[in-house]
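Student: Could we go through the surface of this model together? I'd like to learn what lies behind the labels.

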Amino acid sequence: AGDSYHDRGGAVTISSGRGHDTDGGLLSLLTSESGKAGSSGAMLFSTGFSTKSDSGSIELHTGAATEGNGGGISLLVGNGESGMGAGVTVFAGETSDKVNA
């Protein structure tokens, strides 16, 4: 998406197809496997830095269902053959605003 000097930058939307009578389409984002040495591909989801306003947010949403269960969210960490097991780390941002902390 394009840059803008005086307005909001461009947007990117990736969407799978709708199934009118059955399931909606699947959207997969995959990195490649490693070769004989090295690591498999990595994924980075990051929002930009802001100097005069809030920085962007990252949101994960699942759909609601009128007849059935709402969608779940799974976070899975891969197994390893050697070394330490992988971990999951979640950090919340800090604030210097003593009133709203």
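Tutor: Gladly! Buried means under 20% relative accessible area, exposed over 50%, and partly exposed in between (1.4 Å probe, protein chains only). This is a predicted model, where local features need pLDDT of at least 70, side-chain atom pairs count only at pLDDT 80 or more, and totals for chains, interfaces and linings use all residues. Residues are numbered from 1 along each chain as its sequence is written, and side-chain values use heavy atoms, with hydrogens and water left out.

Student: Why is Leu 27 called partly exposed?

Tutor: Because its relative accessibility is 47%, and partly exposed lies between 20% and 50%.

Student: What makes Val 12, Ile 14, Leu 27, Leu 29, Met 43, Phe 45 and Ile 58 a nonpolar surface patch?

Tutor: Patch residues have over 30% relative accessible area and no salt bridge (a side-chain nitrogen of Lys or Arg within 4 Å of a carboxyl oxygen of Asp or Glu), with nonpolar side chains joined within 5 Å and like charges within 9 Å. Those residues make a patch of about 750 Å².

Student: How do you know which classes line the second largest pocket?

Tutor: Ala, Val, Leu, Ile, Met, Phe, Trp, Tyr, Cys and Pro count as nonpolar, Asp, Glu, Lys and Arg as charged, and the others, Gly among them, as polar. The lining is Gly 10, Ala 11, Val 12, Thr 13, Ile 14, Leu 27 and Leu 29, so by that definition it has 5 nonpolar, 2 polar and no charged residues.

Conventions
1 Å grid on protein atoms, 1.4 Å probe; cavity = no way out; pocket = protein on both sides within 12 Å on 5 of 7 lines; lining within 4 Å. Areas by Shrake-Rupley, 256 points an atom, 1.4 Å probe, with all protein chains shown as cover.
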